[in-house]
Structure formats: C-alpha cells, structure tokens
Amino acid sequence: ALDDGPAYGAAPGPQPGSRYHFTTIRGHGTGGFIPPHFDNESALRPSYRHLATLIEQSIFSFVLAFSRAEAGGALEFFNLTAADHADRFRNVDGPTPPPSVDGVEKVSIRLAPGDLIAVNSGGYLHRVTPVEGPRTRWTACTFMARSRSGDHVHCWG
C-alpha cells in the first residue's frame, strides 16, 4: 500500500525457470565491515549483467538484524547522494582505500535483534563500521528495484 502495490518477489534468474535468492544471510565477525558505497554501483559489475537488464537503476534494500555485535557494526548513512558523489566512491576492488568520510554529516544506527530498516541504499552513501568483540553481527539483507516494466519489484540477495 505504501508504494502503489506492485508485486514483490525474487528476481527471475538467467536460466529459464530459475530465480535469484530473495535474501542473503550475512555474518560479520570481529573486524568485519563494509566500506562506504552506493548500492547502485553493483549494477555496473559483471555479476549483475543479467539482473541489470531487468531492473531500473535505483536500488533500495532492507536489513533485518538477528544479532548485534558487542560494539561497532553500525549501519551509517551519509549526507552524500549518488547523483553527486557516485564516481568518487566507486569501488575498484583494489588496495586504494575509499575517500575519507570524516566530517561528513551522518546517521549511525546499531540495529537490535528483530529490528528491520528499509533504506534508499542506492541513492545514499552508506557503510557498516568494523565489528568489535567476539559476537558476530548476523543480518538478512535484500536488495530491491522496480522492474523495467514497472509492475514488479525484483528482490535478490
């Protein structure tokens, strides 16, 4: 009802009759993190070649927390949009660290078990801060985007 009622479901896979997984279960142990990024960047990667043909460019997502690290493991959103900053933060999978986000306005959220957050992860720079302590941060994360036809929202993990 919040988004005019398109059907949500696992995106069609590259083989006839196949589907992508609806979600991904992630465990971040001590030191685990995700660097600053925009989820729209993923559509440029070779592994998304098929999926990119099915979806509109704007990716959103949800994160469901199963557990929380003793410290760290926060989901941080920065006041930087993909429209203005995507090229500067593009992940090249190399040894060069991403640009500094020190001093950039942000919101930091440490999800408690059972918390769910839906976010415009393609449009806003975000990261997961390093997990501290022996407790693993477990989450389910699903990426979503409207189908090119506009009548479905494709989901994948």
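No disulfides turn up in this structure: the count is 0, with a disulfide taken as a pair of cysteine sulfur atoms within 2.5 Å. Take Cys141, whose closest cysteine sulfur sits in Cys155, 11 Å away and so too far for a bond. Cys155 is likewise in no disulfide, its nearest cysteine sulfur being that of Cys141. With a relative accessibility of 5%, Cys141 counts as buried, and Cys155, at 0%, counts as buried too. Here buried means under 20% relative accessible area, with exposed being over 50% and partly exposed in between (1.4 Å probe, protein chains only).

A word on the model: it is a predicted one, where local features need pLDDT of at least 70, side-chain atom pairs count only at pLDDT 80 or more, and totals for chains, interfaces and linings use all residues. Residues are numbered from 1 along each chain as its sequence is written, and side-chain values use heavy atoms, leaving out hydrogens and water.

Turning to the rings, a search of the whole structure gives 4 aromatic pairs. Rings of Phe, Tyr and Trp (its six-membered ring) pair if their centres lie within 6.5 Å; planes under 30 degrees apart are stacked, over 60 edge-to-face, and the rest tilted. Tyr48 and Trp156 have ring centres 6.2 Å apart and planes at 75°, so this pair is edge-to-face. It joins distant parts of the chain, 108 residues apart: Tyr48 lies in the loop between β3 (34-37) and α1 (49-52), and Trp156 in strand β12 (residues 152-156). Helices (H or I, at least four residues) and strands (E, at least two) are DSSP runs, numbered from the N terminus. Both Tyr48 and Trp156 are buried. Ring pairs also bring in Phe143, linking Tyr48, Phe143 and Trp156 into a cluster.
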